[in-house]
Amino acid sequence: MIMDIQVASVAVPGVIPPEENRIDGPDVASVYIPGPAGIAVLRAASRAESAAAAAVEAAIEARNARHLHYLGGIIHVAHRGYASHSIENTMTAFSKAIQYRADALELDVQISSDGVPVVIHDLTVDYSTTSTGNVKDFTAAELRAMTRDARYGAIYEKSYIPTFAEVITLAKNHQIQIWPEVKGYRTTDDIALMVQAVIDAGYEHMTKFQSFNFTDLPIVRALSSSVALGHTNGATDFRTYADDLLALGGECWIITSILKAYAHPEYVRELQDRGIKVGVYTAYLSYDVAKAEKTGVDAIICDRNLRGYR
């Protein structure tokens, strides 16, 4: 800090000033003010510097407070990667989400006919590719080779259906949480393939498995005590299964719709008081994000306003 000090008296030529009366530093010229006046100036300078430092600190805290208020202190989760900016559940979408500083990646996991966890939302390939048929009836290689519908445009023509392992690797490289939803499988034994992919990558502590089917979650917990669990609950009273969820142990979530959380903020607070975190889906517009932030939830799955902490 540069201190410009005006003084009325100066050092007497040939007199070496006492150390305590010097004002030295990289940003000020060395001057000598004899006697008590020098001490007074030093003290005034010290007070001014302390006040300036306090003002800077206060400004930083105020900025952070505004930033946290803007965020609502809420985790912003990229819906199917960042579906509003790219084709959902593709490596391009997940990379975009990371670029836009999402706090976590939400994705949908299914199992191919040859037992490989792959990332795609619908149970068929009809919507997202030019092919038709059930996801579980194709091998991972066949799914990867499928082309995109022309409506996506030439830029995304080569966007492929990725494996779950690929998404985990990308997330791990950037140390971002993943929220895989158990979407489709041949039998419940396939859930073990999804969980094992996370275990093999050493990424359990950064993973939250979620499902609309509560019966999937005890299977996940039996395979890993470290992953978080989330029940996606569309019921008006989304507190159902709260006791069962807590009984599974570990970090647990209930994910409900924005409208239901907005209508019943008392349910949100009750669950949080019991140690269950609450998330909401899906904020497609900036207005939805703003509305969701008013509910007091812990996380928003969104397609817009990915203003995370990362």
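Start with α2 and α4 in this predicted model: select both helices and you'll find that α2 passes α4 in a right-handed crossing. Met 91, Phe 94, Ser 95 and Ile 98 of α2 make the contact with Glu 166, Val 167, Leu 170 and His 174 of α4. Colour that set by residue class and you get 5 nonpolar, 2 polar and 1 charged. Now fit axes to the pair, α2 being residues 91-99 and α4 residues 164-174: the angle is about 15° and the axes are 11 Å apart. Angles under 35 degrees count as roughly parallel, so α2 and α4 fall in that class.

Stay on α4, but hide α2 for a moment. Which residues of α4 are buried? Pick Phe 164, Val 167, Ile 168, Leu 170 and Ala 171. Turn the view until you look down the α4 axis: these buried residues fall within an arc of 165°, so they line one face of the helix. Bring the surroundings back to see what that face meets. The buried residues of α4 pack against α2, and also against the strands β4 (104-111), β5 (117-119), β6 (177-182) and β7 (208-211), plus helix α5 (191-200). Just after α4 comes Gln 175, worth a click for its backbone: phi is positive there, near 50°.

Next stop, Lys 183, in the loop between β6 and α5. Is Lys 183 buried or partly exposed? Its relative accessible area is 23%, so Lys 183 counts as partly exposed; the cut-off for buried is under 20%. Show its contacts, leaving out residues up to four places away in sequence, and Asp 108, Val 109, Gln 110, Ile 120, His 121 and Leu 123 light up. Then draw a C-alpha to C-alpha distance from Lys 183 to Phe 212: 8.4 Å in space, for two residues 29 apart in sequence.

From that loop, move on to α5 and add α6. How do these two helices pack? Their angle is about 40°, with the axes 10 Å apart. That makes α5 oblique to α6. The crossing of α5 past α6 is right-handed. Select Ile 191, Ala 192, Val 195 and Ile 199 on α5, then Asp 216, Ile 219, Val 220 and Leu 223 on α6, and you have the residues that make the contact. By class, this α5 with α6 contact splits into 7 nonpolar, no polar and 1 charged.

Keep α6 (residues 216-223) and pick out its buried residues: Asp 216, Leu 217, Val 220 and Arg 221. Around the axis they cover an arc of only 130°, which puts them on the same side of α6. What do the buried residues of α6 pack against? Show β6, α5, β7, β8 (228-232) and α7 (242-248) to see their packing partners.

For the last close-up, jump to Ala 290 in helix α10, residues 286-293. Ala 290 has 34% relative accessibility, so it counts as partly exposed. Draw one more C-alpha to C-alpha line, from Ala 290 to Asn 305: they are 9.2 Å apart in space and 15 residues apart in sequence.

Finally, zoom out to the whole chain. A cartoon view gives you 10 helices and 11 strands. Colour by accessibility, and buried residues make up 43% of the 310 residues. If you'd rather look at a contact map, take the contacts between residues at least 6 apart in sequence: 59% of them join residues at least 24 apart.

Terms used: Residues numbered from 1 in each chain as written. Predicted model: local features only at pLDDT ≥ 70, side-chain atom pairs only at ≥ 80, totals over all residues. Heavy atoms only, no water. Helix = DSSP H or I, 4+ residues; strand = E, 2+ residues; numbered from the N terminus. Buried < 20%, exposed > 50% of the residue type's maximum accessible area, 1.4 Å probe, protein only. Axes fitted to C-alpha atoms, helices over the stretch in contact; angles between N-to-C directions. Parallel < 35°, antiparallel > 145°, perpendicular 65-115°, else oblique. Left-handed = near helix turned anticlockwise from the far one by under 90°. Contact = heavy atoms within 4.5 Å. Nonpolar A, V, L, I, M, F, W, Y, C, P; charged D, E, K, R; others polar. Arc of directions from axis to C-beta.
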